[in-house]
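Grab a pencil and have a look at the model below. Then try each exercise before you read its solution.

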Number of protein chains: 2
Amino acid sequence: MAELEYAYASGAYAARLVGSTPTIRTMITKQNIRIIPLGGLGEVGRNMMCLEAEGAILIIDMGFRMPEEDMPGIDFIIPNISYLKGKERNIVGAVLTHGHYDHIGAIPYLIDRLGANMPIFAAGLTKAIVLRRQEDFPRLPKLNINTVKDGDIIKLGPFTVEFFRQNHNISDSLGLFIGTPVGNIVRTSDFKFDLTPVYDLPTDFKKLEAMRKRGVLLLMSDSTGAEEQGHSISEKTIMENLEEIFKISKGRIIAATFGSLINRIQQLIALSEKYGRRVAVDGYSMKTNVEICKKLGYIKSQKETLITVDQIKNYPDSKITLICTGAQGEGQAVLMRITNGEHKFVEFKKTDTVVFSSSVVPGNERTVQFLKDELYRQKVKVFHYKMMDIHAGGHAQKEELKEMIRILQPKFFLPIHGQYSMLVNHAEIARTEGVPEKNIAVAENGQIINLSRDEIYLDKKTVESNYVMVDGLGVGDVGEVVLRDRQTLSKDGMFVVVVVIDRQSGKVKGSPDIISRGFVYLKESRELLRDTRRRLIDIVEGSTGSGGAVNWVYVKDEIRNRIGDFLYAKTKRRPMILPVVIEV
Amino acid sequence: MAELEYAYASGAYAARLVGSTPTIRTMITKQNIRIIPLGGLGEVGRNMMCLEAEGAILIIDMGFRMPEEDMPGIDFIIPNISYLKGKERNIVGAVLTHGHYDHIGAIPYLIDRLGANMPIFAAGLTKAIVLRRQEDFPRLPKLNINTVKDGDIIKLGPFTVEFFRQNHNISDSLGLFIGTPVGNIVRTSDFKFDLTPVYDLPTDFKKLEAMRKRGVLLLMSDSTGAEEQGHSISEKTIMENLEEIFKISKGRIIAATFGSLINRIQQLIALSEKYGRRVAVDGYSMKTNVEICKKLGYIKSQKETLITVDQIKNYPDSKITLICTGAQGEGQAVLMRITNGEHKFVEFKKTDTVVFSSSVVPGNERTVQFLKDELYRQKVKVFHYKMMDIHAGGHAQKEELKEMIRILQPKFFLPIHGQYSMLVNHAEIARTEGVPEKNIAVAENGQIINLSRDEIYLDKKTVESNYVMVDGLGVGDVGEVVLRDRQTLSKDGMFVVVVVIDRQSGKVKGSPDIISRGFVYLKESRELLRDTRRRLIDIVEGSTGSGGAVNWVYVKDEIRNRIGDFLYAKTKRRPMILPVVIEV
């Protein structure tokens, strides 16, 4: 087993990979440790958490999330790390549970503020994905990432972190068994129990049992599926259903899924090989992931299977599978480009079969519906998850979550990862599994969770955890004001009026200029504009006519209010009105 | 049975309510009739269809739909009636299938263009809802609506329309059995088969059998549920599950649903009476509907049951049910106002139970999730449709749709109401039920469907059917350009630059003004603004400096392009740039 000695240059602690034999922490003190979620508790995505003991801080995951619907123009939202400002030297390292962007995507935006040299620990695939993404940020310093695997143990200050394999829908998902000064914490990755996974090992229940025997003070467990009844579908079922499609399809199979769904991509490659099809992979994120996985052995294929998308035309349709991005109806993704006739090498034929091997992310329902409609119009055969089980989520559902609690028998329970309703329902599951109510904490981002051997409780004080928005090169510079303006602009557009005034006479020179966008189509609104100009002149000359100093702030307010009311009366729309008054 | 003689003043045809005994049309000619969908085929909502025979036009429904996500500021979308322009005199009347806005909501916007005096036929509740809505448009002339009911037959030019009762989730949903010169058409309303409805009669299968015996040339059937497997849930099941909630709830029950879901409201009132609760109804649309239904007897309640929302405080919590709007998380609806602490009379208590007795309309998933989260934060008990069957949709699912085709044995089939994918899947259902492929037409809005005794086929020619958008008082004045501007403005905001130039010297006077909204927060971007101003002066003086006539169009383009590129390089954002250049 690998042995890694590690010294964290600017930090006060040393990280050391001490081997893979389980060691039981016995140094239980009366003190508290603190758990501080900076993201992912009360929302889906943007996962980041701090564990604090004896002044040392361990970071778990640094993910981003997609913006909400009322945040036009925002690229994504990252965790707020104000709390860590000034505490950088106390950070003993970061561990990453798996390679999905909601767990690693914020690294490029946070790492230089936290200390670029901080030791990061991740499994092989996770590390490769993080490093590949870092290439998009050439100005950032090199990361200090160390590879860990199932069974490895590292010591980071007062924490002993032991990694254990979990089933998810990307390889190398690692749960954490963390020895702390107050006791052992099990902190799951995103996980599900799959007794019959495909191209992955089944859950190691014996290892979980062994953890219980060592004593689990606190379980922090993935809540994403807590409102879903029953058990998640096994990948074996998905594979069988996908195989049915391969059996009956005579033309090309075009399978769209998430670029990060490595296991599904492997399934589709294996089925293609079984049915004598070559496989082209298209879509930037997917191609990148497949390249990484091929190199590291996480995706296996025969030598001649993978072809490039421009080679599709060299094979009969019955010998072709195209795996691509765009199952969410994203405008620039491959499936949409083929559908719109904008793809360089592929256009649909009536004999094609399109498989949506993915769920629909909330918020994308309508877009996916429009894409589906368009596929039907183009007469291709469509299979989606409502018709048969050709997609399984990556998260444990109610029965699995119960089982996790039954196996580990934790004294305390903290639901993590999920909207608040999911956390509450997961807490309810724990209660029905026998964890006493007072031993369950339901907490949100920014709350400080105190844990001792005897109790778990939330501080009244919270730390800053509001959204930090990324828009282009700007991180955190788009705030409430800018967003509210964008929303207003999007609803009724804008209306700029430019009035030039002769300083001496107080009269408006010429005809006021009007620029309007998103309000009415100007060419068709001559009368409205003429009336508006007349009113503008009245307002301005009414204010300047009396002689003496003119209060331009007042004049502009008058324009905003009175022109605003006039336009509303005429149109029932409220564009943003921007007066420009120039004295010459 | 009522007998109504009706003369359509400006039209060429007479409408006559001839009684309720079924008459079989025998005048089958070789000619075609034409079916022209102006909305609802290829989309959910905005239902409107024309039937044309012997130069006469019969209109079925006039509904609106909600805007799509990329249509900020739009209130709703109505059918495009360009096709009917100049043909107003040929319209023999309109029949309305039921009182939901996706079938009647466009009437106020279309009726005076089609002929305000046109005879409209609708069931009692539908008529009352239409008339109530018309009050919001006081300038419109009075409608000419006639009441019809199950079994009534009216003759409108070459069409004999016989109304038959269908189960939906509003009372008075009427299917149409239409005698035409080529044969009988069955045109369903929105419908489902409910063998055990609550406060409604079950489907009259004998009547459907009788229609088959009279011969069904064409079936046009509701496709909304064509992609849902199995059978819709009976209202009896919903009632039983709701009763479970009434049995266990000790505090107030706050039930949110659609304002138009009259049957559900009746169920909640009946359960409240059974469990000794008073009922307050809150939310504008819901209150209006309940008033109408009470008056007409569509909602029955004991005298003392209904109270006003301000009286809630006079009763113990265990004696109160509040039925309200807001189950979709709409910002201004009652449930959201209570949740945000903005309701005048109600605030949540921990003992409250909130019931979401409705589905989530696609596109509202995230909003509903945020509402649910907030309810959990306020510690109320929440029941929603994922936890138990407390909502049933109003549309027949796959097995019911099959049954409809089996019963009616139509020669031809045309799926109506639904996204294109639903129409295709409904067509596939008809095919598996034995309707030959060539006898099935899948058509979209604007396509002309020709029907004779022997064939059904689509014209190559289409009629105008693109969206007509309503925004405030404007109908159809918001087009592509305005919408695209709104989208651009919403993403990266706008940037107005005002440059005043001395005509004689060609120099910029003073410092250029910059107004920006939705782009960056100006106070925090001084440096960016300084650099922008410097570049602006360079661009302008570079163009004017050489003397001679200045091409201001060119200068403005230069500002747009070069300042645009500069801002993009600095921020990776592309605000809309609006140059204002003033010569003095």
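Here come four exercises, each with a worked solution.

A note before you start: this is a predicted model, where local features need pLDDT of at least 70 and side-chain atom pairs count only at pLDDT 80 or more, while totals for chains, interfaces and linings use all residues. Residues are numbered from 1 along each chain as its sequence is written, chains are lettered from A and ligands numbered from 1 in the order in which they are written, and side-chain values use heavy atoms, with hydrogens and water left out.

**Exercise 1. Salt bridges inside a chain**

Task: Find the salt bridge partner of Glu43(B) and say which parts of the chain the pair links.

Solution:
- Start with the rule: a salt bridge needs a side-chain nitrogen of Lys or Arg within 4 Å of a carboxyl oxygen of Asp or Glu.
- The partner is Arg65(B), with 2.8 Å from N to O.
- This pair ties together distant parts of the chain, 22 residues apart: Glu43(B) is in the loop between strand E4 (41-42) and strand E5 (48-53), and Arg65(B) is in the loop between strand E6 (56-62) and strand E7 (76-78). Strands here are DSSP runs of at least two residues (E), helices are runs of at least four (H or I), and both are numbered from the N terminus.
- Now check burial, where buried is under 20% relative accessible area, exposed is over 50% and partly exposed is in between (1.4 Å probe, protein chains only). Both Glu43(B) and Arg65(B) come out buried.
- For another setting, try Arg132(A) and Glu135(A), whose closest N and O atoms are 3.7 Å apart. Glu135(A) is exposed, at 56% relative accessible area.

**Exercise 2. A sheet in chain B**

Task: Work out the strand order of the open three-stranded sheet in chain B and what packs on it.

Solution:
- The order is E29-E28-E30, with mixed pairing; two strands pair if DSSP finds at least two bridges between them.
- Strands E29 (513-517) and E30 (576-583) of chain B sit at the edges with a single partner strand each, so one side of each has no neighbour in the sheet.
- From one strand to the next, the twist averages 15 degrees.
- Helix H13 (residues 526-544) of chain B packs on the sheet, touching E28 and E29 of chain B, and its direction makes about 50 degrees with that of E28(B). Axes are lines fitted to C-alpha atoms, for helices over the stretch in contact, and angles run from 0 to 180 degrees between N-to-C directions.
- Eight bridges join E28(B) (494-501) to E30(B), and these two run parallel.

**Exercise 3. Domains of chain A**

Task: Describe how domain 1 and domain 2 of chain A meet.

Solution:
- The bounds, from an automatic or database domain assignment, are 2-13 + 32-230 + 393-475 for domain 1 and 235-383 for domain 2.
- Their centres, taken over C-alpha atoms, are 32 Å apart.
- Domain 1 brings 20 residues to the contact and domain 2 brings 18, contact being heavy atoms within 4.5 Å.
- One salt bridge is found across this interface.

**Exercise 4. Chain A against chain B**

Task: How much area is buried between chain A and chain B, and how many salt bridges are counted there?

Solution:
- Buried area is the accessible area (1.4 Å probe) that two parts lose on being put together, summed over both. Here that is about 5600 Å², with 55% from carbon and sulfur atoms.
- In chain A, Arg366(A), Tyr376(A) and Arg573(A) lose the most area to chain B, together 11% of what that side buries.
- The count is 10 salt bridges. Arg573(A) also meets Asp471(B) in a salt bridge, at 3.3 Å from N to O.
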